[in-house]
Structure formats: C-alpha cells, structure tokens
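Let's take a look at one helix and one pocket in this protein. Have the model open and follow along.

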Amino acid sequence: MMDLLKAIGLGLVVLLPLANPLTTVALFLGLAGNMNSAQRNQQSKMASIYVFVIMMVAYYAGQLVMNTFGISIPGLRIAGGLIVAFIGFRMLFPPTKTHVSPEVRSKSEQLEDEPSANIAFVPLAMPSTAGPGTIAMIISSAATVRDSTAFPQWVIWVAPPLIFASVAVVLWGSLRSSGTIMRLVGKGGIEAISRLMGFLLVCMGVQFIINGVLEIVAKFPATH
C-alpha cells in the first residue's frame with residue numbers, strides 16, 4: 001500500500017504543475033461570465049470527466065494513436081498552440097455589440113434561456129488542463145513506467161487511473177470554487193480577467209508553437 005501511495009504522490013507532483021488547475025480556473029472565469037450557477041457546475045463536472053478520459057487515453061493508447069495517424073510530439077505542441085492562440089484572440093478582442101432592433105433584442109432574450117456553449121472539452125479540458133505538455137509527458141512516461149522495476153507490477157497498473165482521477169477531482173474542486181470568485185469580482189472584474197487571460201493565452205499559444213518548432217529544428221543534424 002505504501003508503494004501505491006508513493007506512486008500516486010509522485011504522479012501528482014509531476015502532473016499537477018503541468019495541468020495547472022489554477023490557470024484553468026482563470027480561463028473559466030473569463031469564459032463563463034454569462035452562465036448561471038447550474039451551467040457552471042455542469043461545465044465543471046464535464047471538464048473534469050474529459051480530463052480524466054484524455055489522460056487515460058494518452059497513457060494507454062496515446063503512442064498507438066499518434067503512430068497510427070503519424071502525429072509527432074512537436075506537431076501536437078504546434079496544434080495545441082494554434083488552438084490556444086485562437087481562443088486567446090477571441091477573448092482579447094471580443095465582437096463589438098451593435099445597435100439592434102426591438103425584434104432582434106426580443107429574440108436574443110429568448111435565446112438566453114437556451115444552454116450556453118460547451119466550453120468543458122475545448123478549452124477547459126484540452127488544451128488548458130490536459131494540454132500538449134501534459135499529454136506529451138504522459139505518453140513519454142508510459143513506456144518508461146511500464147518497464148520500471150521501482151514499483152511492483154500491480155502498482156504500475158493501479159496507480160495511473162488513481163493519479164488521473166485525483167487530478168480530475170482537484171480540477172473539479174477548483175472550478176466549483178470559481179462561483180465565489182465571480183460573485184466577489186463582479187461583471188467588470190470578469191471582463192478584465194477575460195481580457196488578461198486572452199493576452200496570456202495568446203502568449204502561451206505562441207510559446208507552444210515556438211517549442212514545437214524548436215523541437216523540429218533540434219532533430220535535424222547540424223549542417224556545415
């Protein structure tokens with residue numbers, strides 16, 4: 001049992017800084033400003049479930065999927081960077097509200113009662129929490145861990161699902177607490193956080209792309 005606890009602790013120490021639930025909370029604050037409490041709770045729950053599923057798939061089938069479709073780790077980083085940058089631009093430069101007629105305003109009020117856009121999978125689960133760095137770490141660690149003799153074989157099979165479930169629970173608890181933050185900062189604060197997170201997401205996306213390009217360049221032998 002001690003071996004299992006050590007493996008889970010080691011896994012959380014490695015994954016939590018990469019997953020960074022606090023960053024996802026800040027992103028959630030920027031995107032869920034118009035949602036009611038029930039919708040935010042639903043998105044929080046679904047995002048946590050998606051993170052668990054993504055990590056499980058990455059650990060047990062990630063390398064197979066990437067090999068099947070010919071996807072490389074640099075390609076994964078660049079694709080994730082493009083998605084993050086696109087989301088950041090939309091948050092940084094939201095569409096301006098134009099003058100609308102009473103008929104359009106009435107229709108808009110009716111549409112407000114319909115479910116809001118699903119942000120649980122993109123961008124909360126991927127690429128914010130289970131992003132390129134997290135997925136790359138899980139895939140690269142999977143083969144190494146399976147061949148490791150530091151832990152008993154049963155621990156190597158049991159620990160990963162528990163580690164991923166723990167990360168999902170931490171994310172769920174963090175996102176559920178965002179409602180309190182929303183009430184404290186108000187609508188103006190949410191808009192400010194949204195613009196700030198948009199800028200940071202653009203920076204993160206560009207950095208993901210740079211890292212992917214640098215990995216590609218590093219694989220080419222130096223020519224003289």
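On the other side of α4 from its buried residues, Leu82, Phe86 and Arg90 are exposed (over 50% relative accessible area with a 1.4 Å probe, protein chains only; buried is under 20%). This is a predicted model, so local features need pLDDT of at least 70 and side-chain atom pairs pLDDT 80 or more, while totals for chains, interfaces and linings use all residues. Numbering starts from 1 along each chain as its sequence is written, and side-chain values use heavy atoms, without hydrogens and water.

The buried set in α4 is Pro74, Arg77, Gly80, Gly81, Val84, Ala85, Ile87, Gly88 and Met91. Seen down the helix axis, these fall within an arc of 165° (taken from the directions from the axis to the C-beta atoms), so they line one face. They pack against α2, α6, α7 and α9.

Now for the second largest pocket, which holds about 450 Å³ of space. A pocket here is an open set of 1 Å grid points with protein on both sides within 12 Å along at least five of seven lines, a 1.4 Å probe fits at the points, and lining residues have an atom within 4 Å of a point. Among its 20 lining residues, Ala7, Gly11, Ser141, Val145 and Ile163 are the closest to the centre. The lining has 16 nonpolar residues, four polar and no charged.

These helices each supply at least two lining residues:

| Helix | Residues |
|---|---|
| α1 | 2–19 |
| α7 | 132–146 |
| α8 | 153–176 |

Conventions:
Points joined across faces, edges and corners; volume = space filled by probe spheres on them. Helix = DSSP H or I, 4+ residues; strand = E, 2+ residues; numbered from the N terminus. Nonpolar A, V, L, I, M, F, W, Y, C, P; charged D, E, K, R; others polar. Contact = heavy atoms within 4.5 Å.
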